[in-house]
There are 2 protein chains.
Amino acid sequence: MDNLALCEANNVPLTPITFLKRASECYPNRTSIIYEETHFTWPETYDRCCRLAASLLSLKIAKNDVVSVLAPNIPAMYEMHFAVPMAGAVLNPINTRLDAKSIAAILGHAQPKILFIDRNFEPLLREILHLLPYDDSLNLIIIFIQDESTNFTKRGSTKELDYEDLIRRGKTTSSLVARMFRIQNEHDPISLNYTSGTTADPKGVVVSHRGAYLSSLSAIMGWGMGTCPVYLWTLPMFHCNGWTLTWAVAARGGTNVCIRHVTAPKIFKNIALHRVTHMCCVPTVFNILLQGKPLDLSKRSGPVQVLTGGSSPPGALVTKVQRLGFQVMHAYGLTEATGPALFCEWQEEWNRLPEHQMMKLKGRQGVSILSLAEVDVKNTKTQESVPRDGKTMGEIVIKGSSVMKGYLKNPKATFEAFKHGWLNTGDMGVIHSDGHIEIKDRSKDIIISGGENISSVEVENVLYKHHKILEAAVVAMPHPVWGETPCAFVVLEKGETNQGYREDKLVTKERDLIEYCRENLPRFMCPRKVMFMEELPKNGNGKILKPKLRDMAKSLVVDDVSSKKIQQHEEEFNGDCLTSRL
Amino acid sequence: MDNLALCEANNVPLTPITFLKRASECYPNRTSIIYEETHFTWPETYDRCCRLAASLLSLKIAKNDVVSVLAPNIPAMYEMHFAVPMAGAVLNPINTRLDAKSIAAILGHAQPKILFIDRNFEPLLREILHLLPYDDSLNLIIIFIQDESTNFTKRGSTKELDYEDLIRRGKTTSSLVARMFRIQNEHDPISLNYTSGTTADPKGVVVSHRGAYLSSLSAIMGWGMGTCPVYLWTLPMFHCNGWTLTWAVAARGGTNVCIRHVTAPKIFKNIALHRVTHMCCVPTVFNILLQGKPLDLSKRSGPVQVLTGGSSPPGALVTKVQRLGFQVMHAYGLTEATGPALFCEWQEEWNRLPEHQMMKLKGRQGVSILSLAEVDVKNTKTQESVPRDGKTMGEIVIKGSSVMKGYLKNPKATFEAFKHGWLNTGDMGVIHSDGHIEIKDRSKDIIISGGENISSVEVENVLYKHHKILEAAVVAMPHPVWGETPCAFVVLEKGETNQGYREDKLVTKERDLIEYCRENLPRFMCPRKVMFMEELPKNGNGKILKPKLRDMAKSLVVDDVSSKKIQQHEEEFNGDCLTSRL
């Protein structure tokens with residue numbers, strides 16, 4: 001039975017770059033990319049990628065060399081997701097919101113042979129090169145991407161390498177192109193993505209061709225993205241390869257609508273002009289969407305499908321965004337999982353629930369994608385699966401072929417990540433009886449008060465429901481009795497008249513908000529301190545920097561402590577615990 | 001870059017059996033199987049499969065042993081698609097429409113350790129065992145599947161093994177179950193499917209876990225099958241594992257509605273009762289659907305999605321079926337490709353075309369699935385790709401990880417199938433400028449008349465459009481001048497009054513039909529003989545047996561041959577050729 005040898009016809013390594021070739025053959029008349037006045041078809045994008053890859057090869061790029069890129073969501077950024085691996089190299093898309101120091105640290109660690117850089121980042125580049133060791137900066141080939149649509153005057157010297165020149169001069173032959181699509185081993189790396197997590201030192205996640213292929217297909221199925229979507233690039237492509245949508249849109253023969261700046265006018269103009277059907281964004285972008293007018297659904301076949309992740313989307317915010325003509329789906333992922341790992345797959349029967357319950361279900365992280373072999377929630381001490389009761393917390397762990405290969409040059413972090421034979425996400429959650437996973441917190445964001453775990457996310461969810469609150473983050477602050485207690489940082493809604501708010505009605509008193517929390521949470525979970533902020537500190541991806549807030553909270557004092565109050569607290573606490581266990 | 005070792009967390013062999021475990025965890029409350037009064041949930045199906053696999057292991061089933069099954073679309077048949085490979089064995093589902101001799105030949109070739117057989121096939125079994133060599137029949141473990149819903153009295157002796165007993169007695173432990181889902185190598189065989197093609201000797205196609213996994217996902221995406229479909233089993237599961245839908249329905253957390261007999265009342269009753277959303281069938285089943293009344297769409301969220309294949313669906317038939325509330329999609333596949341290889345992906349702009357053009361586009365075979373690396377149409381002599389002009393014919397060839405491992409114990413046939421590094425399908429087709437492939441004929445069904453290729457399918461399509469024709473098949477008959485000429489075998493529509501036909505208006509004259517063809521085809525392509533049949537000869541899968549028709553056609557004589565007419569033919573022929581080349 002088992003003596004059948006594998007051959008060329010039935011054993012082709014899995015790689016998402018085949019999606020490009022397929023798109024050029026199966027969707028020859030369809031638009032691949034739209035960016036301002038630029039329009040390409042799939043055969044054109046295919047041709048440009050082949051030429052770029054040929055040029056990279058002629059620049060002596062060898063297998064597994066790293067090629068870094070620093071650019072916004074412009075066509076070049078999309079093309080490189082195919083052309084760089086087609087040349088056998090590894091794409092390293094860098095977060096453009098990082099400062100020169102962080103980028104220099106990444107380049108120093110990744111040791112790329114080439115850096116592609118958008119011309120608009122030239123001042124940043126000078127800073128970066130200044131910070132790099134002399135040898136590194138000397139050996140690094142810089143290639144500028146000149147974006148014709150910006151008013152930036154081309155200042156390049158004749159010696160400078162230019163992206164479009166590379167494409168123009170790329171010499172392709174049919175045998176060379178055939179070689180580009182015939183990768184040797186599907187476990188070979190395709191990209192190197194530095195995590196933009198809230199941790200101190202960034203780690204370089206190595207993604208394989210196999211992982212990227214499987215993750216792309218899982219994203220298509222998890223989101224239910226049909227053929228020929230029109231996809232608007234609001235999510236940065238540097239962010240985990242745009243959650244693998246870079247490759248997935250090609251797989252579906254879709255159209256990539258690129259925008260340089262994520263602003264409300266740009267988003268709404270492009271949605272209307274190109275009949276956008278799909279987009280991804282973190283919940284913080286929802287606030288940008290709310291600046292626009294409702295979509296004219298009479299001119300569309302349906303709402304714009306929005307995939308969101310990064311953090312749980314607050315139900316109230318989702319409701320508002322959906323009223324504008326967007327249909328929100330929530331996914332959970334991490335760079336180490338090569339994009340989304342869980343999708344909150346909608347169940348038809350949920351449509352019959354009241355809206356607030358629907359929103360609550362929508363905010364859960366959901367069920368495993370099809371390319372993972374297993375997803376579980378485990379007790380971090382015993383490594384046993386938690387019961388599926390929606391209450392018992394544990395760490396979310398995953399296993400499967402779409403998980404990263406590991407961290408570049410970091411065996412210690414790789415070992416830690418893969419301890420016990422799983423990818424340990426560091427996220428604490430529960431499994432509900434319907435199989436859906438819900439994150440309660442990052443393990444390090446859990447607040448431990450009197451030995452009880454408090455999920456900061458749960459407290460934040462309650463705060464977000466308050467109609468005057470725009471953003472909220474809850475962290476631990478020291479407490480003389482309970483060790484830790486929740487401290488809330490909130491940004492209030494602007495008193496904009498079009499939202500129906502009035503300045504004089506704004507909640508401005510700490511006590512009022514704490515009182516509101518007490519009405520909606522067990523007492524021990526309520527913040528004992530509320531700080532009002534103009535804005536919350538965020539990283540380059542718009543993720544709230546909780547370590548910074550924790551630092552701030554450390555110096556705060558709970559002012560209600562006296563021996564009498566301690567006793568009172570104890571009573572409250574015990575009562576609450578009982579309540580929360582019922 | 002490349003020194004990251006693979007580990008348990010990121011390198012899990014691909015297999016569709018993980019879909020079962022995932023379904024039990026992600027869709028715990030959903031119905032997995034409905035069959036008459038029987039209802040199972042996904043955790044129940046998971047549990048039953050684990051128990052059955054445990055029983056198989058206790059019967060000393062070893063890795064790569066073959067387990068054959070002869071059963072209609074009942075729950076046991078579905079469960080075995082998971083339980084048999086979970087025990088490390090290879091599932092061999094046998095076409096129940098074959099005669100004892102053919103089945104005995106398959107068993108003799110496949111050498112299974114176990115044969116599961118539906119109790120209703122007991123008389124057939126006796127015949128089969130009689131035909132098997134004594135040693136084979138002695139060593140074969142027979143396990144009866146007792147179907148409670150049939151009136152068949154249980155006649156088993158106490159010594160007989162019974163399917164439900166196996167499930168009842170299966171002893172599972174968590175470590176045993178963990179082992180069942182941890183396959184060693186994704187290239188290991190999962191199933192052995194004998195082709196039911198029209199060729200003389202059946203070949204055993206060996207399908208790998210990897211191929212089955214990828215094909216299932218491709219079927220989901222190609223068809224656009226969302227989560228939680230309600231799938232009606234009209235297509236036999238023994239037919240290429242139900243085009244991989246056996247596994248794909250589990251991947252989507254769907255409900256399998258099983259029926260033993262494919263009749264109009266059964267189909268329509270189950271569609272209404274269980275709100276069926278999806279089904280697959282060959283175009284010949286459309287004639288069964290036409291016996292039913294239109295679906296009540298007011299009670300449904302939309303039409304029933306029908307995936308069809310096996311042969312191109314005649315446009316007129318599709319139109320009729322769609323009017324009843326079905327939405328037809330066409331796919332092309334073969335057992336050697338582990339199911340569908342091309343899907344006729346609908347393009348939104350086609351919706352604006354007139355119906356007959358839409359139907360024509362719908363009848364094309366379509367574009368490559370995502371798990372194939374390449375699909376091409378090649379000149380059989382030069383092995384060069386044909387131009388994408390919709391005219392130049394060549395052989396359809398495919399390449400990718402979902403292609404079969406090869407034919408069991410048949411190195412010669414395996415070598416032939418994989419010649420030139422591709423799976424050679426033996427189907428002749430063209431590529432249109434929009435990337436869609438259209439089959440013109442099986443290479444052996446091509447009629448060569450005066451050196452010109454005539455696609456029998458093209459002639460058949462014209463015949464099918466005639467409103468009085470129910471079924472048509474065109475084959476070559478000898479011709480003294482042209483070598484071959486088309487001969488049509490047709491079945492006329494019944495003169496049923498509810499179809500609006502009258503007996504006296506039936507086309508009964510050969511000449512009328514030939515005249516009709518001349519109005520719609522180049523003359524050299526028109527049949528010169530029409531045979532009227534009560535029914536067309538078909539194989540177990542409802543596929544028309546063209547070799548049989550060719551045999552019949554051999555003895556027929558074209559009666560219009562005289563020296564004068566030959567001259568006339570020549571003129572016609574040349575004129576036609578010019579026309580067809582324009």
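Visitor: Which residue in β16(B) stands opposite B:Leu342?
Guide: B:Ser368 stands opposite B:Leu342. This is a predicted model, in which local features need pLDDT of at least 70, side-chain atom pairs count only at pLDDT 80 or more, and totals for chains, interfaces and linings use all residues. Residues are numbered from 1 along each chain as its sequence is written, chains are lettered from A and ligands numbered from 1 in the order in which they are written, and side-chain values use heavy atoms, with hydrogens and water left out.

Visitor: Why are β15(B) and β16(B) said to pair?
Guide: Two strands (DSSP runs of E, at least two residues, numbered from the N terminus) pair if DSSP finds at least two bridges between them. β15(B), residues 339-343, and β16(B), residues 367-368, share two bridges in the antiparallel sense, so the criterion is met.

Visitor: What makes β14(B) and β15(B) a pair as well?
Guide: β14(B), residues 326-334, is joined to β15(B) by four antiparallel bridges; the requirement is at least two, and therefore they pair. In one of these, B:Tyr332 has B:Leu342 as its bridge partner.

Visitor: What links these two strands, β14(B) and β15(B)?
Guide: They form a hairpin with four residues between them. In the turn, B:Thr338 has a positive phi of about 60°.

Visitor: Why is β15(B) called mostly covered?
Guide: Buried means under 20% relative accessible area (exposed is over 50%, partly exposed in between; 1.4 Å probe, protein chains only). Five of the five residues of β15(B) are buried, so the description applies.

Visitor: How many of the residues of chain A count as buried?
Guide: Of its 582 residues, 61% do.
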